[in-house]
Amino acid sequence: MPEAAVRAAASGAWIDTAPNYATGQAQTLLSPVLAAHPHVRISTKAGFFTAATGTDAVNDGVLTEDQAAAGHSLAPDYVRWQTGRNRAQLGRDRLDLVLLHNPERAHPGDRPALHRAMRDAFVVLEEAVAAGHVTGYGVATWAGLEKEAFTVAELLALAAEAAGGQHHLVAIQLPVSLVMMTPIVQALHGHGPLPAAVDAGLRVMASAPLHGGELPGMVDQELADLIRPGLTPAQAGVLAVASCPGATDVLLAASSAPHWKEAADAVAQPALTAAKLREITGVLASP
């Protein structure tokens, strides 16, 4: 990871991490890279945590044993504590972006309880913004938007309620790929979370563009050539996501500098047209 992170930082790319990535070591590993590139923007998260972090949170009195055992929390004391811990581990006085990590895990099937928990977490993040510790916040979700545990409009309303007016919710992160095509198809028809986010001026961070590394094995060279001749299957999948209307960032989980360069070269390609994206999603949706 450090090798790819160095390449990404040198290029000025946004770096996205979380306290549970790399078995809890990601932020510590990134700290020297960020120190060497102080202008690189960083996003991190609060929600999931490792068992070791859970133990620390219990010892510091911000989680109960039962809460720690769940491995995920939106409890205000925990979000406040984790945000400070993120700053310390990353070596940054101010974090560019803090995302609630898969908040739908907190109260599955109970939208009112989930929304209350998210609003309370947003209150903590608004306090962090006011203190100068965070520039903005948002939500990183896997299924929350697709399953409508919350909508973009509801997120904005909860943030406004938390702030008592002008809020600092600035981003959403969600999976977008040729496997999880729903956001692309919806955006091509002018509905779904991406157009709603665009209308609100939010940053849209497309995660898992290669579906955890599975996509290149599912996209053959014929389909890659349909997307754009000359690209590898992985590059074709990345370009399709980068071309999705409303997506402002594509998050690439590169394990090495060559992987980073391959993906970056794909993102640098001219975007696919809406007509081409419709053709591709139509082919993939065919039985």
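Is Leu 125 buried or exposed? I would like to begin with that single residue and work outwards from it, keeping in mind throughout that what we have in front of us is a predicted model. Leu 125 has a relative accessible area of 0%, and because anything under 20% is counted as buried, this residue is buried.

Let me place it for you. Leu 125 sits in helix H6, which covers residues 111–130. If we set aside the neighbours within four places in sequence, the residues that Leu 125 contacts are Val 79, Thr 83, Val 98, Leu 100 and Tyr 137. The C-alpha atom of Leu 125 is also separated by 9.9 Å from that of Leu 97, a residue 28 places away along the chain.

Now let me step back to the whole chain. Its secondary structure comes to 14 helices and seven strands. The radius of gyration is 19 Å, close to the 19 Å that the globule rule gives for 287 residues, and therefore the chain is as compact as a globular protein of that length. Taken along the principal axes, the C-alpha atoms fill a box of roughly 55 × 40 × 35 Å. Of the 287 residues, 51% are buried. When we take the contacts between residues at least 6 apart in sequence, 76% of them join residues that are at least 24 apart.

The strands come next. The seven of them form an open sheet in the order S1-S2-S3-S4-S5-S6-S7, with parallel pairing. At the edges are strand S1, residues 15–16, and strand S7, residues 249–250, each of which pairs on one side only.

Let us walk across part of that sheet, beginning with strand S3, residues 95–101, which pairs in the parallel sense with strand S4, residues 134–140, over six bridges. Leu 100, which we met as a contact of Leu 125, stands opposite Val 139 in S4, while Leu 97 stands opposite Gly 136 in S4. To get from S3 to S4 the chain passes through H6, the helix that we started with, and this β-α-β crossover is right-handed. Six of the seven residues of S4 are buried, so this strand is largely enclosed by the rest of the structure.

Going one strand further, S4 and S5 run parallel and are joined by four bridges. Val 139 has Ile 172 as its bridge partner in S5, and Ala 140 stands opposite Gln 173 in S5. S4, helix H7 (residues 152–163) and S5 again make a β-α-β unit that is right-handed. Strand S5, residues 169–175, is mostly covered, with six of its seven residues buried. On to strand S6, residues 203–207, which runs parallel to S5 and is joined to it by five bridges; here Ala 171 has Arg 203 as its bridge partner.

With the sheet in mind, we can turn to the interior. In soluble globular proteins, nonpolar side chains tend to be buried together. The largest nonpolar core in this model has 73 residues, and among those with the most contacts inside it are Leu 63, Met 118, Phe 122 and Ile 172. Which helix gives the most to this core? The answer is H6, with nine residues. Apart from this core lies another one, of seven residues, among them Leu 97, Leu 99, Ala 171 and Leu 251.

Leu 63 deserves a closer look: not counting residues up to four places away in sequence, it touches Phe 49, Ala 57, Val 58, Ala 68, Ser 73 and Tyr 78. Two of these names, Ala 57 and Val 58, bring us to my last element, helix H3, residues 51–59, where they are buried together with Thr 53 and Gly 54. Why do these four lie on the same side of H3? They cover an arc of only 140° around the axis, which puts them on one side. The buried residues of H3 pack against helix H4 (65–70) and helix H5 (76–90), whereas the face turned away from the buried side carries Ala 52 and Asn 59, which are exposed. After H3 comes Gly 61, whose phi is positive, near 80°.

To close where we began, Leu 125 is buried, and its place is in H6, the helix that gives the most to the largest nonpolar core.

How values were computed:
Residues are numbered from 1 along each chain as its sequence is written. This is a predicted model: local features need pLDDT of at least 70, side-chain atom pairs count only at pLDDT 80 or more; totals for chains, interfaces and linings use all residues. Side-chain values use heavy atoms; hydrogens and water are left out. Helices (H or I, at least four residues) and strands (E, at least two) are DSSP runs, numbered from the N terminus. Buried means under 20% relative accessible area, exposed over 50%, partly exposed in between (1.4 Å probe, protein chains only). Contact means heavy atoms within 4.5 Å. Two strands pair if DSSP finds at least two bridges between them. A nonpolar core is a set of buried Ala, Val, Leu, Ile, Met, Phe, Trp, Tyr and Cys residues joined through side-chain atoms within 4.5 Å. The arc is that of the directions from the helix axis to the C-beta atoms. A crossover is right-handed if, with the strands pointing away from the viewer, the path from the first strand over the helix to the second runs clockwise. The radius of gyration is taken over C-alpha atoms; the globule rule is 2.2 Å times the number of residues to the power 0.38.
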